[in-house]
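Work through the exercises below with the sequence and the model at hand. Try each task before reading its solution.

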Amino acid sequence: MVAVDTYTRYCESCGTPVTEGPEGGYVCGACFHVVEPRGADEARKRRRIERATMVAEAARLRQLQRY
Ligand SMILES: [Zn+2]
């Protein structure tokens with residue numbers, strides 16, 4: 001068994017062989033097409049909700065301080 005093919009995936013956009021990251025995402029070196037790793041969307045959604053909650057809380061505290 002010889003590992004000659006290190007490429008496991010090809011760019012969805014232009015077909016250039018790409019090296020996947022540990023989580024399955026990649027950035028194409030030829031056209032910079034980006035494929036997010038699995039779970040990245042979920043993590044970002046969670047972070048966005050956390051940030052929105054923090055912003056809302058900060059606004060509420062500002063309101064309290066004003067009056
Ligand atoms: Zn590409």
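Three exercises follow, on a model that is predicted.

**Exercise 1. Describe the order of elements in the chain and how much of the chain is buried.**

Solution. Start with the inventory: the chain holds four strands and one helix. Next, read from the N terminus, which gives the order β-β-β-β-α. Then turn to burial: 3% of the 67 residues of the chain count as buried. Last, take the contacts between residues at least 6 apart in sequence; 0% of these join residues at least 24 apart.

**Exercise 2. Locate His33, classify its exposure and list its contacts.**

Solution. First, place the residue: His33 sits in the loop that links strand S3 (26–27) to strand S4 (34–35). Second, count neighbours: His33 has 15 C-beta neighbours inside 10 Å, so His33 is classed as partly exposed. The class applies because a buried residue needs 20 or more and an exposed one has 12 or fewer. Third, set aside neighbours within four places in sequence; His33 then contacts Cys11, Glu12, Ser13, Cys14 and Cys28. For Cys14, 19 residues away along the chain, the C-alpha separation from His33 is 8.3 Å.

**Exercise 3. Check the span of helix H1 against its number of residues, and state how many of its residues are buried.**

Solution. Helix H1 covers residues 40–66, which is 27 residues. The expected span is 1.5 Å times one less than the number of residues. For H1 this comes to 39 Å, and the end C-alpha atoms lie 39 Å apart, so the two values agree. As for burial, the count of buried residues in H1 is zero, and the helix is hardly covered.

Conventions
Residues numbered from 1 in each chain as written. Predicted model: local features only at pLDDT ≥ 70, side-chain atom pairs only at ≥ 80, totals over all residues. Helix = DSSP H or I, 4+ residues; strand = E, 2+ residues; numbered from the N terminus. Contact = placed C-beta atoms within 7 Å.
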